Amino acid sequence: MTSIPFIDLKSQYAIIKDKVEAGIRRVLDHGQYILGPEVAECEKRLAAFAGSKHCLTVSSGTDALLAPLMALGVGAGDAVFVPTFTFTATAEVVVLAGAEPVYVDVHPRQFNIDLAHLRAEIDAVKKAGRLRPRAVIAVDLFGLAADYAALNTLCEAEGMTLIADAAQSIGGAVNNKRIGSLAPITATSFFPAKPLGCYGDGGAIFVDDDALLAKLVSIRVHGQGKSKYEVERVGLNARFDTLQAAVLMAKLDVFESELEKRQAVAEAYAAALDGAVETPQIPAGYRSAWAQYTILSDRRDAIAAALKEKGVPTAIYYPVPMHLQNAYRAYGKGEGSCPVSERLARRVLSLPMHPYLDPASIAHIAGIVRAASRS
Ligand SMILES: Cc1ncc(COP(=O)(O)O)c(C=O)c1O
């Protein structure tokens with residue numbers, strides 16, 4: 001068996017090579033490397049794809065989360081509720097904005113923010129009175145949308161802003177409505193390993209609100225006002241490169257077919273692993289973008305070792321929840337405060353997942369997992 005990559009950007013490149021190279025050549029010919037015409041064209045296509053009124057590209061998924069917090073004036077004295085089982089950036093941006101993250105536990109099989117625990121933490125913050133409940137950043141972990149119907153209702157009732165951290169989930173949907181149109185603000189990442197990635201760092205924000213968009217446009221370029229050297233607010237240097245926009249558009253052309261292929265891979269894994277380990281649970285009406293295929297097992301380390309021995313790469317997303325990370329634990333309540341996430345951190349294992357994973361490789365991987373889960 002030839003080696004199986006964790007993600008396979010080479011196979012994808014073989015398919016999109018001509019378009020990528022033609023797109024890059026066009027940029028080299030016109031030379032508008034900063035906010036060239038490809039950036040606006042890419043934003044238009046992304047907004048149409050996601051069913052959002054506006055899309056504003058930025059330099060990373062992290063900036064796509066930070067810029068909205070800045071635009072909303074989230075800062076000192078504000079509580080921003082985040083799932084603890086997530087990538088660092090979700091909590092990092094809250095601290096960078098000057099606010100405090102409040103950690104919320106997650107669903108044991110869907111991995112997204114737990115609504116009952118969120119409710120309890122909002123009530124606890126209100127009762128303590130030190131912080132003002134200001135926003136929720138819900139994460140669509142591994143490609144599956146959080147419960148935005150319930151989250152929108154809760155945030156509206158509490159006068160809080162809901163931000164979707166869709167870094168892993170662009171392409172996913174709920175009842176045929178695409179991620180990007182399910183929350184008032186959605187942030188995504190085009191990091192190369194994401195389901196829709198470019199060839200460097202990149203990200204985007206999806207919003208319907210015109211006034212909010214205008215603030216984000218300003219923040220993206222140093223808080224710029226009507227003219228270049230008029231500064232309205234504190235901002236960032238957070239532009240998406242023209243070259244990356246050209247690359248991303250070539251990838252958008254094949255994205256729909258890749259999402260279908262990812263779905264087929266996930267279904268094949270689920271069938272092949274049935275009964276051996278716990279496989280991801282996708283609620284009815286939801287479509288995952290399958291950024292990761294993550295299994296759960298008490299024998300996680302033995303399974304990972306067996307796969308490694310046979311040359312199959314795996315990853316642990318995430319070994320330490322945010323409330324136990326050295327940089328962020330001061331904001332939380334320590335060990336035992338988010339027990340589901342703590343248990344997940346000990347049991348999760350992400351298997352190779354990409355659109356070009358063939359049935360023989362899936363069977364091979366599943367065979368090793370099944371054997372190691374028994375022995
Ligand atoms: C859940 C989540 N949020 C935010 C980010 C940050 O995105 P980026 O790496 O593009 O800054 C990532 C990806 O790395 C992520 O997985």
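This passage describes the overall build of a predicted protein model and the surroundings of its ligand.

Because the model is predicted, local features need pLDDT of at least 70 and side-chain atom pairs count only at pLDDT 80 or more, while totals for chains, interfaces and linings use all residues. Residues are numbered from 1 along each chain as its sequence is written, and side-chain values use heavy atoms, with hydrogens and water left out.

It helps to begin with the whole protein. Its secondary structure comes to 11 helices and 12 strands; helices (H or I, at least four residues) and strands (E, at least two) are DSSP runs, numbered from the N terminus. The C-alpha trace spans about 65 × 60 × 35 Å along its principal axes. With 375 residues, a compact globule would have a radius of gyration near 21 Å, and the protein agrees with this, having 21 Å. Here the radius of gyration is taken over C-alpha atoms, and the globule rule is 2.2 Å times the number of residues to the power 0.38.

Next comes the ligand, which sits in the largest pocket. A pocket is found on a 1 Å grid over the protein atoms alone, as an open set of points where a 1.4 Å probe fits, with protein on both sides within 12 Å along at least five of seven lines; a molecule sits in a pocket if more than half of its atoms lie within 2 Å of its grid points. The elements that give two or more residues to the shell around the ligand are α3 (61-72) and α4 (89-96). The largest share, 3 residues, comes from α3.

Of the 16 residues around the ligand (a heavy atom within 4 Å of it), G61, T62, D165, S189 and K194 come nearest. The shell divides into 6 nonpolar, 8 polar and 2 charged residues. In this grouping, Ala, Val, Leu, Ile, Met, Phe, Trp, Tyr, Cys and Pro count as nonpolar, Asp, Glu, Lys and Arg as charged, and the others, Gly among them, as polar.

Polar contacts (pairs of N or O atoms within 3.5 Å) add detail. A polar side-chain atom of D165 lies 2.7 Å from a nitrogen atom of the ligand. For Q168, a polar side-chain atom is 2.8 Å from a ligand oxygen atom, and for S189 a side-chain N or O atom is 2.7 Å from an oxygen atom of the ligand.

Two backbone details complete the picture. A cis peptide bond, with omega about 5°, joins Y317 and Y318. H222 has a positive phi of about 60° although it is not a glycine.

Methods: A polar contact is a pair of N or O atoms within 3.5 Å; within protein, one must be able to donate a hydrogen and the other to accept it, and residues adjacent in sequence count only if both atoms are side-chain atoms. On a 1 Å grid over the protein atoms alone, a cavity is a set of points where a 1.4 Å probe fits but cannot get out, and a pocket is an open set with protein on both sides within 12 Å along at least five of seven lines; lining residues have an atom within 4 Å of a point.
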